[in-house]
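Please open the model in your viewer and keep the selection tool at hand. This tour proceeds from one selection to the next.

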Amino acid sequence: MQSRQNTVTQLFGLRYPVIQGGMIWHSGWKLASAVSNCGGLGLIGAGSMYPDVLRENIRKCKQATDKPFGVNVPMLYPNLEEIISIILEEGIKIVFTSAGNPKTYTETLQKEGLKVAHVVSSTKFAVKCEEADVDAIVAEGFEAGGHNGRDETTTFCLIPNVRKHISKPLIAAGGIALGSQMKAAMILGADGVQIGSRFAATTEASAHENWKQKITELHEGDTHLTLKELAPVRMVKNKFFNDLENIYHTGRNKESLIASLGRARAKKGMFEGDMEEGELEIGQVSALIDEILPVETVFRNLLDEFNNTGIPSL
């Protein structure tokens with residue numbers, strides 16, 4: 001892909017309309033700065049960071065790149081007001097919000113000159129984002145890893161429907177790791193893409209090496225969307241996942257599910273490398289990822305595939 005100027009690149013000041021997902025336990029300053037240096041938009045994942053750790057990552061990212069980068073803020077996490085304060089104090093210009101009401105902080109951030117994008121999993125909530133006057137909308141299909149939508153709408157169905165109902169810049173997410181998938185999303189109406197799983201298996205990602213290696217070994221069917229009673233999440237089928245399924249079989253005891261999750265399971269798995277007892281969040285597209293690569297190589301492959309994907313006429 002040549003440097004492609006469209007609503008997404010113009011909005012965020014990018015060379016390419018490629019956003020790196022702000023994944024918990026993966027998206028530190030090394031990953032975000034590497035993506036930004038390649039011409040995309042790197043996002044620091046605030047969801048797994050204490051406020052002082054977020055501030056440190058922001059400052060290190062500023063030192064590592066002079067290109068635009070942003071912060072992803074899941075609004076269901078604690079310390080939200082402190083996180084927003086740090087973002088403003090550190091002069092961040094781009095924020096991606098998720099898992100909450102887009103009206104909560106959009107106006108506050110925009111008054112300070114920030115661009116705000118919000119992540120949704122349905123056309124209904126995309127329309128609410130438009131009403132909240134966010135600057136861009138990320139529509140994420142249920143192929144995606146991590147916390148997800150309850151409706152199980154796929155990216156191929158979601159993007160064209162959202163496009164019909166909104167006028168804001170639209171970013172497709174969920175099940176995108178190849179240049180051909182990026183082109184397909186843009187043909188369906190997206191102005192850019194957000195990529196998570198492929199960037200999770202990079203040398204710059206802050207996740208544990210055990211987990212990165214595990215990603216490259218996954219096949220179709222190795223992930224599953226679960227925990228709809230709490231907050232739907234796609235995770236790898238391991239011992240922890242099976243333990244959750246056993247709780248379901250005893251009658252879907254919500255309190256038991258909460259107790260099982262309340263032991264820093266995501267950190268144990270993705271950051272500390274426990275492949276059996278940890279919560280391992282990744283998208284279905286992991287079945288297409290077979291090696292750990294530097295971000296620069298991932299970017300080069302993505303752009304080459306985008307440019308070389310021909311669409312024959314009928």
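The model shown here is predicted.

Begin by selecting Asn 6 together with Pro 17, Met 186 and Asp 191: Asn 6 touches these three residues, leaving aside those up to four places away in sequence. Along the chain, Asn 6 belongs to the segment that precedes helix 1 (7–12). Is Asn 6 buried or exposed? Its relative accessibility is 14%, and because buried means under 20%, Asn 6 counts as buried. Next, add Val 8 to the selection: the side chain of Asn 6 reaches the backbone nitrogen of Val 8 at 3.0 Å.

Now move to Leu 178, which is located in the loop between strand 8 (170–173) and helix 8 (179–187). Leu 178 is partly exposed, with a relative accessible area of 27%. Select Leu 288, Leu 302 and Glu 305 as well, since Leu 178 touches them, again not counting residues up to four places away in sequence. Then select Gly 310, which lies 132 residues from Leu 178 along the chain; the C-alpha atoms of the two are separated by 14 Å.

The tour then turns to the nonpolar cores. Select Val 18, Met 182, Phe 199, Trp 211 and Phe 299, the residues with the most contacts inside the largest nonpolar core, which has 50 residues. Highlight helix 14 (residues 295–308) next: the largest share of this core, six residues, comes from that helix. Finally, select Met 49, Leu 54, Val 73 and Val 116, which are among the 22 residues of another core that lies apart from the largest one.

Technical notes
Residues numbered from 1 in each chain as written. Predicted model: local features only at pLDDT ≥ 70, side-chain atom pairs only at ≥ 80, totals over all residues. Heavy atoms only, no water. Helix = DSSP H or I, 4+ residues; strand = E, 2+ residues; numbered from the N terminus. Buried < 20%, exposed > 50% of the residue type's maximum accessible area, 1.4 Å probe, protein only. Polar contact = N/O pair within 3.5 Å; in protein donor to acceptor, adjacent residues only side chain to side chain. Contact = heavy atoms within 4.5 Å. Core = buried A, V, L, I, M, F, W, Y, C linked by side-chain atoms within 4.5 Å.
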